[in-house]
Amino acid sequence: MKKLSVLTVLFVCCISIILLIDSQSKLGILNSIEMNKNNNQEINNSLQLKSKQTVEVKNAEQTEEKGIEEKIDASIPAIKKESFIIVIDPGHQAKADLEQEPIGPGAKEMKYKVTGGTSGVITKKPEYVLTLEAANFLKSHLEKRGFQVIMTRSTHDVNISNRERAEIANNYKADLFVRIHADGSESSKTSGFSILAPARENPYTLPIYEDSYQAAQLILANIGKEIPLHQNGIFFRSDMSGFNWSEVPVILPEIGFMTNPEDDRKLSDSSYLSNLMELMASGIEEYAVFKKHN
Ligand SMILES: [Zn+2]
């Protein structure tokens with residue numbers, strides 16, 4: 001009987017030891033699984049960190065690339081700014097000056113210094129107000145493209161003759177002198193955009209004839225895509241002191257007929273006027289590119 005009890009105790013002890021070992025080893029496995037999980041988590045975290053770092057590096061690279069792009073973008077206007085000057089003359093002024101001046105260097109023929117210009121048949125806006133509005137748009141569109149722009153006037157209360165306006169362009173050695181005007185006609189039906197340019201046979205403007213004509217053509221090609229032209233869009237003149245005194249390529253855009261109700265209304269619509277000047281700026285930019293390669 002004693003023998004049986006001892007055997008029973010031994011058996012129970014053995015079972016307990018086996019169970020203890022088993023539970024310990026299970027716990028161990030679980031612990032090791034947990035550890036593995038933790039390790040995996042850490043690996044994941046470190047991968048995430050790495051990928052985050054990669055993203056940051058990429059972002060840094062992109063910022064650097066962007067920086068380079070910006071530097072390149074900024075350098076293009078800088079080159080043009082130094083090398084291409086546009087003088088814009090907003091036609092007329094608040095008060096006409098009907099004194100006279102020679103029509104060209106050494107000329108006996110005289111012409112009014114500055115006439116009064118036309119006015120809007122519907123809007124009643126004077127031409128000198130419209131030309132300054134248009135000139136301001138053109139100036140800002142050209143400056144956005146990196147060009148250097150000089151205005152002959154920025155207010156209405158000035159007295160600058162057409163000869164003096166040309167001399168401003170000469171003094172700046174302008175690459176292009178743009179005289180902004182609007183047209184008037186006895187017929188209210190006459191409408192459209194045109195450009196006046198120095199005539200081939202005009203001795204005063206012989207040296208600037210080719211370039212002036214080229215600029216006029218490139219601007220007309222751009223404007224004509226969207227805006228109706230007056231006749232064929234270009235008129236050659238020999239009788240204008242603002243051309244004859246100019247030693248630099250010169251054009252005179254007539255931006256529309258203020259005596260035509262529809263043109264008058266459109267020209268006083270600032271989005272129309274801004275777009276018209278944007279098209280003109282595109283043409284001027286094409287002329288600048290043309291001059292750079294010719
Ligand atoms: Zn005018």
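Author: Let's start with handedness: a crossing counts as right-handed if the near helix is turned clockwise from the far one by less than a right angle, and left-handed if anticlockwise. Keep in mind that this is a predicted model.

Reader: Is the crossing of H4 and H7 right-handed or left-handed?

Author: Right-handed, for H4 and H7. Helix H4 covers residues 209–223 and helix H7 residues 270–292, and their axes sit 8 Å apart at an angle of about 135°.

Reader: Which word fits the way H4 and H7 lie to each other?

Author: Angles over 145 degrees would count as roughly antiparallel, and 65 to 115 as roughly perpendicular. H4 and H7 are therefore oblique to each other.

Reader: Which residues make the contact?

Author: From H4, look for Leu218, Ile219 and Ile223, among others; from H7, the list includes Leu279, Met280, Tyr287 and Phe290. By type, the contact has 10 nonpolar, 4 polar and 3 charged residues.

Reader: Now the backbone. What should I know about the sign of phi?

Author: For most residues other than glycine, phi is negative. Here, His92 has a positive phi of about 70° without being a glycine, and Lys173 is likewise a non-glycine with a positive phi, of about 50°.

Reader: Where is His92, and where is Lys173?

Author: His92 is in the loop between strands E1 (85–90) and E2 (97–102). Lys173 belongs to the loop between helix H3 (162–171) and strand E5 (176–183).

Reader: Buried or exposed: what is His92, and what is Lys173?

Author: His92 has 8% relative accessibility, so it counts as buried. Lys173 has 66%, so Lys173 counts as exposed.

Notes: Residues are numbered from 1 along each chain as its sequence is written. This is a predicted model: local features need pLDDT of at least 70, side-chain atom pairs count only at pLDDT 80 or more; totals for chains, interfaces and linings use all residues. Side-chain values use heavy atoms; hydrogens and water are left out. Axes are lines fitted to C-alpha atoms, for helices over the stretch in contact, and angles run from 0 to 180 degrees between N-to-C directions. Helices (H or I, at least four residues) and strands (E, at least two) are DSSP runs, numbered from the N terminus. Angles under 35 degrees count as roughly parallel, over 145 as roughly antiparallel, 65 to 115 as roughly perpendicular and the rest as oblique. Contact means heavy atoms within 4.5 Å. Ala, Val, Leu, Ile, Met, Phe, Trp, Tyr, Cys and Pro count as nonpolar, Asp, Glu, Lys and Arg as charged, and the others, Gly among them, as polar. Buried means under 20% relative accessible area, exposed over 50%, partly exposed in between (1.4 Å probe, protein chains only).
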